[in-house]
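Please examine the structure shown below. The questions that follow ask how certain descriptions of it are justified.

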Protein chains: 2
Amino acid sequence: MKTERTWTISELAREFKVTPRALRFYEDRGLLSPRRDGLNRVYSVRDRGRLILILRGKRVGFPLTEIKEILDLYDLNDGERAQMQTALKKFRARAVTLESQREDLEGAIQALADGIAWLEGRLAEPAPKAGVAAARAFEQEAKRRLQDA
Amino acid sequence: MKTERTWTISELAREFKVTPRALRFYEDRGLLSPRRDGLNRVYSVRDRGRLILILRGKRVGFPLTEIKEILDLYDLNDGERAQMQTALKKFRARAVTLESQREDLEGAIQALADGIAWLEGRLAEPAPKAGVAAARAFEQEAKRRLQDA
DNA sequence: CGTACCTTTGACGTCAACGTCAAGCTCCCT
DNA sequence: AGGGAGCTTGACGTTGACGTCAAAGGTACG
């Protein structure tokens, strides 16, 4: 019988570039619950999986409370139909905001790309001439583009 | 000669569902600088445009300091080549992180869609039978999917 | 004239997500 | 025995983005 791999707190912290403090904090908020070897925390493959989900959730802007709800969903058994219903509602709502967030993001990426191109253009020409006018033009263009997205 | 439309602080706040306090805060941080009519703030079309950019920036996770840098860019004239250079660097870096952020976001949307489908499936069948097993299966599947993104 | 409403400027409070100590434990090495 | 290295649990500090009063002034209505 093969024993599954485990990690210490600092090993896991190093791997995911977070501090041990952060891992303890997640535990304090109920997102992780590693086993103990005496006092020391022992993180399993499952704990590590949850951490991956936590960090991903954070990167897309989820607060920890909401990440916890999602993680808890995996532990629901068939008794809790009601909770599944409410979870489903929240998930649908979340999906909607995520979609609009993606639109925002794509708009921002586009605007940034435009800004970069504009900057490159201005830096390319050695003689500053129609600069201010061009700036104004870009400003208007950027604003227009950003508004009707 | 037609006079351009202006807004009071609470009008603008209502329109964009923020509080007057937030608008004053943005001003305090140098992101807005409305005219004054006596003491009262008067927001122009340009101020309103900047506010739109501010809110969009916030929605994609920019801190106010960075939003300010972007807004300030529009006011650069041809003297500040150096500042344009540094701005360009920062923008390129930002573009990279935005791209990876978009990947995260798309992964999250996909995971959420999977979760929703799974929940719907479980709620559809009236007799809870292979529930826990299915839950475990989904958990593994979700984790796998989330890891190799 | 009162008072109702909107505005102003401080000043202090709050909340999330940790950071930063401090004090003490255990294990291991020399 | 001494000394690190790494772990533990508090407890307090910090940062960003505002919220929440308080005190005071202008404007408008009945």
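**Contacts with the DNA strands**

In this predicted model, a polar atom in the side chain of Thr19(B) lies 2.5 Å from a phosphate oxygen of DNA strand D.

Q: Why is the pair formed by Thr19(B) and a phosphate oxygen of DNA strand D called a polar contact?
A: The distance is 2.5 Å. A polar contact is a pair of N or O atoms within 3.5 Å, so this pair qualifies.

Q: What makes the pair of Arg21(B) and a base oxygen of DNA strand D a polar contact?
A: A polar side-chain atom of Arg21(B) lies 3.1 Å from that base oxygen. The cut-off is 3.5 Å, and therefore the pair counts as a polar contact.

Q: How do you know that Thr8(A) is near DNA strand D?
A: An N or O atom in the side chain of Thr8(A) is 3.3 Å from a phosphate oxygen of this strand. A residue is near a strand if one of its heavy atoms lies within 4 Å, so Thr8(A) is near DNA strand D.

Q: Which element gives the largest share of the surface near DNA strand D?
A: H2(B) does, with four residues.

Q: What makes Arg41(B) a polar contact partner of DNA strand C?
A: A polar side-chain atom of Arg41(B) lies 2.6 Å from a phosphate oxygen of DNA strand C. The limit is 3.5 Å, so the pair is a polar contact.

Q: Which element gives the most to the surface near DNA strand C?
A: H2(A) gives the most, with four residues.

Definitions and conventions:
Residues are numbered from 1 along each chain as its sequence is written. Chains are lettered from A and ligands numbered from 1 in the order in which they are written. This is a predicted model: local features need pLDDT of at least 70, side-chain atom pairs count only at pLDDT 80 or more; totals for chains, interfaces and linings use all residues. Side-chain values use heavy atoms; hydrogens and water are left out. A polar contact is a pair of N or O atoms within 3.5 Å; within protein, one must be able to donate a hydrogen and the other to accept it, and residues adjacent in sequence count only if both atoms are side-chain atoms. Helices (H or I, at least four residues) and strands (E, at least two) are DSSP runs, numbered from the N terminus.
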